[in-house]
Amino acid sequence: AYAFFAKAENGSYCLLDYYAVLDGLRGQGIGSHFFPLLREKMEHTNGFLIEVESIESTNDENEKQVRHRRIAFYEKNGNVMTKVKCLLYGVDFNIMLQPISAPVPSDEETLYELEQIYHTMFDDNLYRHVCHPFIQQIFNAN
């Protein structure tokens, strides 16, 4: 398994940018075993953020199942879904969070941390064109 993180210079959180288990070894629990090791190595941070493709942004039933399984995997390993989202390169992502040395922050703090990380990853021009983080507003029809 391998993981790649991005972090703003003075940020309290990291972004788990890539997380994968080698193809021939998937389904054997390696990914779940790797999470405690990540938390141990990242103990100096408040936690890390994870981008997961939103379920509602696809009509393909097979892809919806894959996304459901991915989110369930992250939840099983202690991650929580936030209301923070990002339209990144045209892909609709939900943002999950793995708390480590601090409790789960507010959605506003999560959004701020995510924006700081993206500003580190992208120059201002690219950020304006490809990166659109926001807090999802849930409206009640009643």
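**Close-up views: Ser54 and the largest pocket**

**View 1. Contacts of Ser54 in the predicted model.** Beyond its neighbours within four places in sequence, Ser54 is in contact with Arg67, Lys85, Asp92, Phe93 and Asn94. Ser54 sits in a loop. That loop runs between strand E3 (47–53) and helix H2 (61–76).

**View 2. Burial of Ser54.** The relative accessible area of Ser54 is 0%. Ser54 therefore counts as buried, a class that takes in values under 20%.

**View 3. Side-chain polar contacts of Ser54.** Two partners are shown, Ser57 and Asp92. The side chains of Ser54 and Ser57 are joined by a polar contact of 2.9 Å. With the side chain of Asp92, the Ser54 side chain makes a polar contact of 2.6 Å. Asp92 also appears among the contacts of Ser54 listed for View 1.

**View 4. The largest pocket and its centre.** The volume of the largest pocket is about 640 Å³. Its lining comprises 22 residues. Nearest the centre lie Tyr19, Ala20, Arg70, Phe73 and Tyr74.

**View 5. Elements and residue classes in the pocket lining.** Strand E2 (13–20), helix H1 (30–41), E3 and H2 each contribute at least two residues to the lining of the largest pocket. H2 gives the most, six residues. Both E3 and H2 also flank the loop that holds Ser54. By class, the lining has eleven nonpolar residues, five polar and six charged.

Technical notes
Residues numbered from 1 in each chain as written. Predicted model: local features only at pLDDT ≥ 70, side-chain atom pairs only at ≥ 80, totals over all residues. Heavy atoms only, no water. Helix = DSSP H or I, 4+ residues; strand = E, 2+ residues; numbered from the N terminus. Buried < 20%, exposed > 50% of the residue type's maximum accessible area, 1.4 Å probe, protein only. Polar contact = N/O pair within 3.5 Å; in protein donor to acceptor, adjacent residues only side chain to side chain. Contact = heavy atoms within 4.5 Å. 1 Å grid on protein atoms, 1.4 Å probe; cavity = no way out; pocket = protein on both sides within 12 Å on 5 of 7 lines; lining within 4 Å. Points joined across faces, edges and corners; volume = space filled by probe spheres on them. Nonpolar A, V, L, I, M, F, W, Y, C, P; charged D, E, K, R; others polar.
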